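Please look through the structure below with its sequence at hand. The report that follows is written for someone meeting this structure for the first time.

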Amino acid sequence: MSSSPIYILGIESSCDDTSAAVISNDKILSNYIANQEIHRQYGGVVPELASRNHQENIVPVVHQALRTANIQKEQLSAIAYTRGPGLLGSLLVGSSFAKGLAMSLNIPLIEVNHMQAHVLAHFIDGSNILENQPKLSFPFLCLTVSGGHTQIVLVKNYFDFTIVGETIDDAAGEAYDKLSKMLGLEYPGGPIIDKYAQQGNATKFQFPKPLMPNFDFTFSGLKTSVLYFIQKESKTNPNFITENMYDICASFQHTVVSSLLHQLEKAAKEFQVKNMCIAGGVSANSSLRKELQHIGIKNNWNIYIPQMQYCTDNAAMIAIVGYYKFLEKEFTHHSIPSVSKFSDF
Ligand code: KG4
Ligand code: ZN
């Protein structure tokens, strides 16, 4: 006898994307994301504008997610929302809405750690783009690379996470965003640099590969060395950046991706893990996705690469964590505050 499905509404508002998703057990029925274009003109996210935009977006975005899923709000089993980490003003919009709706429907509220959600997005049915891989099983390593974090996480169970390495300064996505600014390109920098890198020569310029002795990362030195390099070259050739844009992007991307995968390969050996995942906004990167598959074949790893819609911030990943917490009856009291820094998993 099959029991009726669990329907979870997920709400994500940690940074500049307002997102709502509906999940039926581990299957996504809708995943709606409103991107905030307003930040582009400022070259980065303006927190006050982000929270005001979340306030405008949250009701239509939730409506749209329910409508696409063809689910009435009365059918929901619980509401999962991002508690942190993120921008406090942005988090408060999502959490207040989630709390109000859960209270009015008299259903459980479930807090979710945003970074854990990036990782557990791999349990969304059909998330892996590689169809020939076995279903993801524990233990696995996840390289979580976003605008605010760069971590290698050892995952032994849904809620047993150990960070084995992380950045000691800039996150990988932050390095992309800063390079983009230096080159006079838009925010966020990752997608545009990735696009230009695909048309450039990755070995044209040699930037120092940032390597740490353990499983940590560092990207601020790379950013500074690229800055000094383009400043020096621009003195003799004022058109240096425009003439070499593709090759600068390709050489930078090659350096970042090889540094990320070098550390992941070391961690895989140390922890004797064969299941390898990538997650977070930078996991949308074409070179990281391609190179991971190459080293995966070499090392005989099982590889898990999320569909694009589950890489950058989205509420589907919040809903899947909600589903696993619902099974454990891990519910949240309405008095729990949002937190901008959230290191506990
Ligand atoms: O996970 P995410 O959407 O938000 C955070 O939680 O930070 O990640 C956003 C980051 C930005 O820094 C953006 O530049 C980067 O992901 N990003 C990329 C690509 N697409 C987005 N970085 C490299 N290559 C991409 N294709
Ligand atoms: Zn994120």
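Tyr7 stands opposite Ser24 of strand S2, and this pair belongs to the antiparallel pairing of strand S1, residues 7-12, with S2, which runs over six bridges. As everywhere in this report, the description rests on a predicted model. S1 and S2 form a hairpin, with four residues lying between the two strands. On from S2, strand S3, made up of residues 27-35, pairs with S2 in the antiparallel sense over eight bridges. Within that pairing, Ile28 of S3 is the bridge partner of Ile23. S2 and S3 also form a hairpin, with two residues between them, and Asn25 in this turn has a positive phi of about 50°.

How many of the eight residues of strand S2 are buried? Eight of the eight residues, numbered 17-24, are buried, so S2 is largely enclosed by the rest of the structure. In a regular strand, side chains alternate between the two faces of the sheet. Both faces of S2 are covered, since Asp17, Ser19, Ala21 and Ile23 on one side are buried, as are Thr18, Ala20, Val22 and Ser24 on the other.

**The zinc ion**

Which residues supply the protein donors of the zinc ion, ligand 2? The donors are His114 through NE2, His118 through NE2 and Asp313 through OD, and they lie 2.0 to 2.1 Å from the ion. In sequence, these donor residues follow the spacing H-x3-H-x194-D. His114 and Asp313 thus link distant parts of the chain, for His114 belongs to helix H3, residues 114-120, whereas Asp313 sits in the loop between strand S10 (302-304) and helix H9 (316-327), with the two positions 199 residues apart in numbering. Both His114 and Asp313 are buried.

**Ligand 1 and the residues around it**

His114 and Asp313 appear again at ligand 1, where each has an atom in a polar contact with an oxygen atom of the ligand. The table sets out these contacts together with one made by Asp194.

| Residue and its atom | Atom of ligand 1 | Distance |
|---|---|---|
| His114, polar side-chain atom | oxygen | 3.3 Å |
| Asp194, side-chain N or O atom | nitrogen | 3.0 Å |
| Asp313, backbone N or O atom | oxygen | 3.0 Å |

Taken on its own, ligand 1 has 550 Å² of accessible area, and the protein covers 89% of it. The elements that contribute two or more residues to the shell around ligand 1 are H3, helix H4 (172-182) and helix H5 (189-197), and H5 gives the most, with four residues. In total, 20 residues surround ligand 1, and the closest are Gly147, Asp177, Gly190, Asp194 and Asn285. By character, the residues of this shell divide into five nonpolar, 12 polar and three charged.

**Backbone details in the loops**

Where in the chain do cis peptide bonds join a residue to Pro85 and to Pro139? One joins Gly84 and Pro85, with omega of about -5°, and Pro85 has its place in the loop between strand S4 (78-84) and helix H2 (88-105). Another cis peptide bond joins Phe138 and Pro139, with omega again about -5°, and Pro139 is found in the loop between H3 and strand S6 (140-145).

Two further residues have a positive phi although they are not glycines. Asn300 has a phi of about 60° and lies in the loop between helix H8 (286-299) and S10. With a relative accessible area of 60%, Asn300 counts as exposed, because the cut-off for that term is over 50%. Lys329, with a positive phi of about 55°, is found in the segment after H9. At 65% relative accessibility, Lys329 is exposed as well.

**A buried position in strand S7**

Is Thr150, with a relative accessible area of 1%, buried or exposed? Thr150 lies in strand S7, residues 150-157, and is buried, because a value of 1% falls under the 20% cut-off. Along the chain Thr150 and Leu260 are 110 residues apart, while their C-alpha atoms are separated by 9.0 Å.

Methods:
Residues are numbered from 1 along each chain as its sequence is written. Chains are lettered from A and ligands numbered from 1 in the order in which they are written. This is a predicted model: local features need pLDDT of at least 70, side-chain atom pairs count only at pLDDT 80 or more; totals for chains, interfaces and linings use all residues. Side-chain values use heavy atoms; hydrogens and water are left out. Buried means under 20% relative accessible area, exposed over 50%, partly exposed in between (1.4 Å probe, protein chains only). Two strands pair if DSSP finds at least two bridges between them. Donors are N, O and S atoms within 2.8 Å of the metal (3.2 Å for Na, K and Ca); water is not among the atoms, so sites may look incomplete. A residue is near a molecule or strand if one of its heavy atoms lies within 4 Å of it. A polar contact is a pair of N or O atoms within 3.5 Å; within protein, one must be able to donate a hydrogen and the other to accept it, and residues adjacent in sequence count only if both atoms are side-chain atoms. Accessible areas come from the Shrake-Rupley method with a 1.4 Å probe; for residues, only the protein chains shown count as cover. Ala, Val, Leu, Ile, Met, Phe, Trp, Tyr, Cys and Pro count as nonpolar, Asp, Glu, Lys and Arg as charged, and the others, Gly among them, as polar.
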